[in-house]
Each structure stands twice: as structure tokens, then as C-alpha cells.
Amino acid sequence: MRLYRTALVVVVLAACLLAGRATAERALLVLSEGVPASLDVDGPAGNHDPSQTGFLNIIEPLVDYVVGGVNDDGVQLYDFTRFAPRLAESWHYDPDTLTWTLTLRRDVKGCNGATFDADDVLYSFARAKSLSGVAPVGWFLGNVASIDGFTKALLQNTQQARAARELGDEIQKLDAYTVTIRQSAPNKLFLPALTIYGLGIYDQQTMQAHATAADPWSHGYAGSVNAPSFGPWCVERWRKEEVFAVKANPDYYRGTPYFDRVIMRAVPQSANRVGILRTGKAQFVEGLSPKEYAFLERSSGIKVSGAYLNGSLILLANWKSPPLDDPRVREALAYATPYADLVRGAYFGAAKQWHGLIPSEYPGYVRPAATYRYDPERARALLAEAGYPNGRGLEQFAEAFKLSYALDRENTLGPVATQLRTALRRVGFPVQLDPLPAVQLADRQLVKKDLPLSLYDGLTPIGVDVAYALLLSFITPPAGLNNMTNFSDPVVDEMFDKALVEPDPALRHEYLASAQEVLARRLAFLPLAEFEVRWATAPDLEGLTLHPTQSVPWYPLRLGQGAP
Amino acid sequence: MWRYVLLRLGVAVLQLAALAVVVFFLIRLLPADPVARLVGLNASPEAYAQSERALGLDRPLIQQFAAYLGLSAAAPGLLQGELGRSWVTGEPVAAELGRALPLTIEVVSLALLASLLIAIPVGLVSAAKPKGGVDRAAFVWGLFAGAQPDYWWGLLFILLFAFTLGLAPAPLGRVDPLLVPPDSITGLILMDSLLQGRFDVFLSALHYLALPVLTMVFTVSGAIVKMVRQNTARALQSEYVLYARACGLPERRVARYALRAALTPTLTLIGIFFSVLLSAAVTVERVFSLNGVGQYSVRSILDFDYPAIQGAVLAVAMVALLVYLLVDIVHALLDPRLRG
């Protein structure tokens, strides 16, 4: 009998201990619209927001930005004028040979126990240059940063191009902890490009262990199973479109994360994310509409935080779609836009009118001389001057005034589009709403570039640099990458080219400022508003940091005062 | 009997083959180019061409079709049981469907089972006592539940049972996200958790699946009640029931005879309602954050993910055809006239 009792006590104690361990674990439940679709940086999910959250938290970069101040909401901001060492401990640039020498951090361990060294860097750059993924983001960034050999010629479908996709002497290993990277031309975008996940570092040992003859760069493994790297989190459980769970990397070189485990759960309905947060089951919710954030701000026991960086709302008026090619019509659109109403009505105050075409938080931004305010009389006058008094004659351009936006952004962009249509019709523009599926919109905006008029809130240059933003949206193709409005201006192109190679910061700033003035004067697109990137959280969750991808790094998150 | 089954299987294979061809060509008429989503901000003509090649979309349509079927030497295709890789996740479509389909089948089967368990007795009682309390209540329920779409009821139930009363869990999928689910054996979480002795997961899954199942049961049961009631009422008025009553058989025994006759057409309804519930799964899964084949289909269509769309359509069609086939076989077993 005594034996049974003793055994019972032991079992109960063990159960209590186990229960204690279970409750002592710090877990963070993140609710999002989706979970990473892939962790392959050159895979199909480079433009998928939840996947960017995965890249940011799993794949460790060589370089990052220095953390700066904290805003009124307690959100940690970066100082984008300075770079912080991550896997690269220090770096040195030799302008004579256009070569960067990176000294790598020692004693860094990945989730699978692999130790980081120069071979991982070489592997990651060789993988990027191989163009073996379906969307070669790594190559793209190498090209943007003018890394020697990462040229557009590699994209040709020829034997010669395929042979050139092997890594040459542009990236060399000097010893186990020193690598050199040579540029083909001076280019200030080198370090900004290294901060972006596309040039993050994979653990080559684990990646190669999962390579096959058909998939030598382990795209299948990184896309569906794991992205082995040297970051703070290790993938624990990943079911596409359902759950993405990570556990802390105990060997992380910046210290073990506060949370033992982060579980990112897909809850497609934003109203459900709101409801679940209010029950206290989750601690972090993202991807809500401005209206839902405004509602939660008034709810007790929930904190809504946000910060300005590169959240922007723009009206893309195509330069190849008459009559939008007429500068007077474009100006009329700018003066007919009720900026304050949009900020108040569609963003509930969590936005501000955007003056200029570069995010105002970016170093090097200048507020241009040409700014626009709501002035319907002036808009009417400009329309009359263009030959369309009170909009008469514009009806022949019905297609040009179909205002498109992404259907899956209806919650946010629907109210904006409705307000805008009302205001523009008041002046005489025969605007009709035309929401499109996101892929169709992307096809027409980014590839065909034939969409006459569209609203867009996804332009987020993740390289925080005015020149990078120019390259992305305003430079004349083929050099320009993502010029959605077919804008072209020789002065902007010239200023960009000069700024890219200019070593003197003051002169570089001057070039980039001149380009910004031209963009605003000619209305390359119509900047409407800059909005806060926001999240709703448990009140004691601290350490929110706004990254240029608009994703939140989970590493600095912790529970504050009063938390267990 | 075997001849009948083989004939039906042959027809099903032909139907699937026709569907595969139609879907392949129809989705390519969609007004967008899926390469745009891949290249995103890196949409230079060269990068576009590179991604287009990677997806195989640079080839003529007929070559793409041959590759889809597995007739090209490069890679296996449909004829080898290979559905291709998703353009969004890069994962084999078959593996993704292998996860999504069991969830939908689990929810739909539970909903159908619960609906039948409720609807058949209620329908019988309604037929036995027309205009009685149960009959009137069933009539109102049928009208009421069918008056709103299932996703609306789903949201209402979440608001009421999860967020207001706290009786049901929040719509976080099919199991508490903090629990590590068991390894997949059948893909059915209730079954897998029992097989592996994970009772914590089993109870959690029961709890989490309760509301989505309730939503489906609530919306579909009214119609089943109505049909069972009508079939039973018709059977009760038939000549053999009249004869049985005239012979003085006990009323319970007469009811049993009537039920057997009424259940034969109801069996056909099971197939129809399974398909109805499969289509309802599209919205119910979204509302309850269930990553089933309904959600998968919607995502695939919105992303213009051709291999995933093709795979999802084939998988759903296959399940529906299989259910119809099973129902027809059971029907044929019950009614020899159908075997030809």
C-alpha cells in the first residue's frame, strides 16, 4: 500500500513538474492573414507578405541597419544612415579595386549545429547567381548592387549565359572568416542590398545535405521544409496556409530570444483576428484594416501601435494612356484629390498627406517645391485649359478612368477608392471603380504596364535609399525595374546615374534631391498619403520594430511589466 | 454486380479525363499572366522571361498540355499520378491536397453524419404526425436556416458561441495552435490522434470542429428533414402500408416498413448533400480558418496557380464521383432493378 502511495506521489509530482515546465514556456501566438508560402528567397513567394515575415525571422543577413529611436507608440525604429554588423562583423571598401572585404563573425551556430563560415557566404551567393529559382531575387539584388558578374546577360537562354551563372572570382574566400566581393562599378546600394533577405545566408551544410541531382540548390527543401540559416529562430512546424511555428535557437549569437516559441497562425478573416485578440488567446495581430485598428484602439486590454516608414498610397496614372499623358489632366487629378478626407475617412487619422514621391522617413528625402492640396476650382480650371471644361469630352476616354485596385485589399482600398471617385466625379472625371484580382492587377501594372488608372498601397522599397527607390519606380526601362506608369525623364535618369557612383555624400544628396523635384513637378505618379504600418497586440507586448519589409522581427519581442 | 461497378468506374475515369482537359484549357483563358505575381518588383523583361521559362509557360500550349499529361520525357505528369508543383509554394500539389482534402472530408463527413442523425428521426416524426409540434418546428427551421448563406451563420455562431458566450473556441483551425498535432497517418485529425493515443489533441479537435460542423448541420439539415418527411409521408400513404395496417400489424412495424422504403431515395440524397456540403466548405473553411480543399481552391484561383487549380478540381471531382459511385452501388444492392 505504502509503495502505491509513494508511486502516486511521484507521479503527481512529476506531472506537476511537467505542467510547470509547460506553463513556464513563453509562447507567442501571432495571427496573420497567412503563413509563409516558401522560405526559398529565390522561390515563388518573394512578394508574399507572410513569406517575407518568414525570411526576416529565419534567414540571417550579413549586414543590417543600426537601431535608432523609439516613437511615441513605443515602436523601435532603425537609423537608416548607419549599418550594423550581423554575420559580417566588419567590412572595408577599396575604391581602387571596387572590392569589399567582409570579416565574418566567429562561433556562430545554426539550428542544426552547423558553424557559420565563409563557405556559407560563398554558397549563398553562388545559389543566387545560379538563377535556379523561379524568381531570382538574390541575383536581382546582386545586380542592383553592381556585384561583378551578376549581370542581366545571365538571364539569356543561351549556353554561354548558363555557363556564366557559376560563381567566379568576384566573390572569394580569403580564409574561413574573410570574404571579398568585387563590384563591377562603384555603387552605393551595396550595403543596403546586403540587408535584404534575398542576399541572406543559408547554412550550406544543411542545404547541401538536402540537395538532389534534380534540385542541386535545395529549392524544394527551402521552399517546403526549412530554410537553415543562423538566425534566432528554427523552424519547428510548418503547414502551408495554416501554421508556421518556430522555436528559439539557443545558440543564437546575439543571445537566446525571449520567447521560446512563436506560432504564426493563418486566420484569413480579419474580423476573426480581431475577435481572437480580444479574447486574449493571441498576443499579436497584423494585417487588419484601418477601420479595425481604429476600433481596437478604443477597446480595453489591447494596444495598437504603429509607425511611419514606407507605407504609402499612390494613384498611378499611366503616361501612355490619353488623356492622362497631359500634364494639366494629371495636375487636375492632384488638385481634385481630397487628401484630408482620405486621411480621416479611410485611414481614421493614422496617415498623413504625402508630399513627394520618396518615403518621407527615408534619409535623403526632400520635400519638393511642387506640392498639391485639395483645390477643386483649380482642378476644374486645369481641366478646362486641357480642353475638357467640367469634364466634357472625357467620356470618350472611359477606359482611362476605370479606377483599379486589388480586390483582396477591398477592406482598405475600397473606402479610399469610393471617396476618390466621389471627389473626382465632382470635378468632372468620369471615374468608375474596377477592382481586379491581385494577380491580374500585378500583370497589368508590372508586366504589361497598360493599366491607365489604379490605386496602389504596396510600393515598399525595402532598400532604404532614395537611389534604390528611384531605380525601382522611376528610371526609364530597361535600366528602371518597376516603372508602373511608363514615366521617363532624362534629368531623373542622369541624376540617378550620377548619385549611384558619387562618393561625396553632399553631392549625392544634391543629385537625388534634384531628381525628387522633377518627379513631384511632373507627377510621375500621384502621391496621396503615407500611412502608419500598424499592429494590434496584448498590452504588455514590447519590442515592436518596424522593418522596411513592414514585417516584424520577432527576436526583440518580449512581455513587459507585469508579465509572468 | 461487378460489371455494373466496372462500368461505373469506367464512366468516372472518362468524366475525370474530360474534366482535366477542360480545366487545363479553361484556366488558360483567365485574363492574367501568373508570371507577374512571381517576378513582382523585379519585372524586367529578362527576369520575366526567366520566370516564364521556369514555369514552362514559354512553351506552346500543346507542349504544356503534353507535359501536364506526362507525355513529354522531361518529367512525369497526370498519367503517372503527378499533379505538378504549386507556383505559389513550390510544393507538390499532390502533397498539398493530401493535407487539405482529408480535413474537408472529415468536416463534411461529420456534418453529414450529424445532419442525418438529426434529420432522419425528425423527418420521420414530422411525417408520422403532420402539423404536430415537431413538424411545425422543422418547417420553420428549414425556412430559417436556408434563408441565409452558411458563412453568415458561421460568423454569427462565432460571435455568439466563441466571442460572447465563450462556449466554443476561437476560429483558429481544427486544433489548438499551441498543441503539436500528431503525425499524419490518415490525415483525419480525430482518427490520427486516437491512433497515436493523443487524447489531448482528440478533445481539442472535437472542440475546434464543433462550430464548423454545427454551421453545416444547421444550414443543411432543414432540407434533409423536409425530404425525409416527404418520402416517409409518401411511403405511409402507399398501398403496402395500407395493406399492412389492414392486416393489423403493429404501428411500429408498419413504420419500419415505411422507413425502409423512404430511405432508398434518401440514400441518393446523401450523395447530393455531400456535394452540397463540399461546396459549402469553401466559405465555411474560410470563416473558421480551416485549411481544407475549399480554402486551397480559392487561394489557387486568386493566385492563378494553374497546377494547384487543376489538382484541386480533379481531387474534388474525384471525391464527388466516388461518393456518387458508392451511393449508386448501395442503391443497386438495395434495388436489383438498377443493376440492369
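Biologist: How many bridges join strand 4 (residues 88–94) of chain A to strand 5 of chain A?

Modeller: This is a predicted model. In general, strands of a sheet pair through backbone hydrogen bonds, either parallel or antiparallel. Strand 4 and strand 5 of chain A run antiparallel. The number of bridges that join them is six.

Biologist: Which residue in strand 5 of chain A stands opposite A:W91?

Modeller: Strand 5 of chain A covers residues 99–104. The residue there that stands opposite A:W91 is A:L102.

Biologist: In the hairpin of strand 4 and strand 5 of chain A, which residue takes a positive phi?

Modeller: The hairpin has four residues between the strands. One residue takes a phi near 55 degrees. That residue is A:L98.

Biologist: Along strand 5 of chain A, which residues point to one face and are buried?

Modeller: In a regular strand the side chains alternate between the two faces of the sheet. Strand 5 of chain A shows this alternation. A:T99, A:T101 and A:T103 point to one face and are not buried. The buried residues on the other face are A:W100, A:L102 and A:L104.

Biologist: In strand 7 of chain A, what is the bridge partner of A:T99?

Modeller: Strand 5 of chain A also pairs with strand 7 (residues 178–182) of chain A. That pairing is antiparallel, over five bridges. The partner of A:T99 in strand 7 of chain A is A:R182.

Biologist: Is A:Q172 buried or partly exposed?

Modeller: A:Q172 is found in strand 6 (residues 171–175) of chain A. Not counting residues up to four places away in sequence, A:Q172 touches A:V179 and A:T180. A buried residue needs 20 or more other C-beta atoms within 10 Å. A:Q172 has 16, so A:Q172 is partly exposed.

Biologist: What separates the C-alpha atoms of A:Q172 and A:A118?

Modeller: Along the chain, A:Q172 and A:A118 are 54 residues apart. In space, their C-alpha atoms are separated by 8.8 Å.

Biologist: Why is helix 2 (residues 49–58) of chain A largely enclosed by the rest of the structure?

Modeller: Strand 1 (27–32), strand 8 (233–239) and strand 9 (243–248) of chain A are among what covers its buried residues. Those buried residues include A:F55, A:L56 and A:I58. Helix 2 of chain A is largely enclosed because of its count of buried residues, nine of the 10.

Biologist: Which strands stand at the edges of the open sheet with the order 14-18-13-17-15-16 in chain A?

Modeller: Six strands form this sheet, and the pairing is mixed. An edge strand here has a single partner strand, so one side of it is left without a neighbour in the sheet. The edge strands are strand 14 (351–353) and strand 16 (432–436) of chain A.

Biologist: In strand 17 of chain A, what is the bridge partner of A:I314?

Modeller: Four bridges join strand 13 (residues 312–317) of chain A to strand 17 (residues 453–456) of chain A. The two strands run antiparallel. The partner of A:I314 in strand 17 of chain A is A:Y456.

Biologist: Which helix of chain A packs on the sheet, touching strand 14 and strand 18 (526–531) of chain A?

Modeller: Its direction makes about 35 degrees with that of strand 18 of chain A. The helix covers residues 339–346. This is helix 12 of chain A.

Biologist: Which element gives the most to the side of chain A that touches chain B?

Modeller: The contact takes 53 residues from chain A and 49 residues from chain B. Among the chain A elements that give two or more residues are strand 1, helix 4 (137–144) and helix 15 (438–448). With seven residues, the element that gives the most is helix 15 of chain A.

Biologist: How many helices does the secondary structure of chain B have?

Modeller: Of the 340 residues of chain B, 42% count as buried. Chain B has zero strands. Its number of helices is 13.

Biologist: Is helix 10 of chain B roughly parallel or roughly antiparallel to helix 11 of chain B?

Modeller: The axes of helix 10 (residues 239–246) and helix 11 (residues 251–287) of chain B come within 10 Å and cross at roughly 165 degrees. Angles over 145 degrees count as roughly antiparallel. That makes helix 10 of chain B, relative to helix 11 of chain B, roughly antiparallel.

Notes:
Residues are numbered from 1 along each chain as its sequence is written. Chains are lettered from A and ligands numbered from 1 in the order in which they are written. This is a predicted model: local features need pLDDT of at least 70, side-chain atom pairs count only at pLDDT 80 or more; totals for chains, interfaces and linings use all residues. A residue is buried if 20 or more other C-beta atoms lie within 10 Å of its own, exposed if 12 or fewer, and partly exposed in between; C-beta atoms are placed from the backbone. Two residues are in contact if their C-beta atoms, placed from the backbone, lie within 7 Å. Axes are lines fitted to C-alpha atoms, for helices over the stretch in contact, and angles run from 0 to 180 degrees between N-to-C directions. Angles under 35 degrees count as roughly parallel, over 145 as roughly antiparallel, 65 to 115 as roughly perpendicular and the rest as oblique. Two strands pair if DSSP finds at least two bridges between them.
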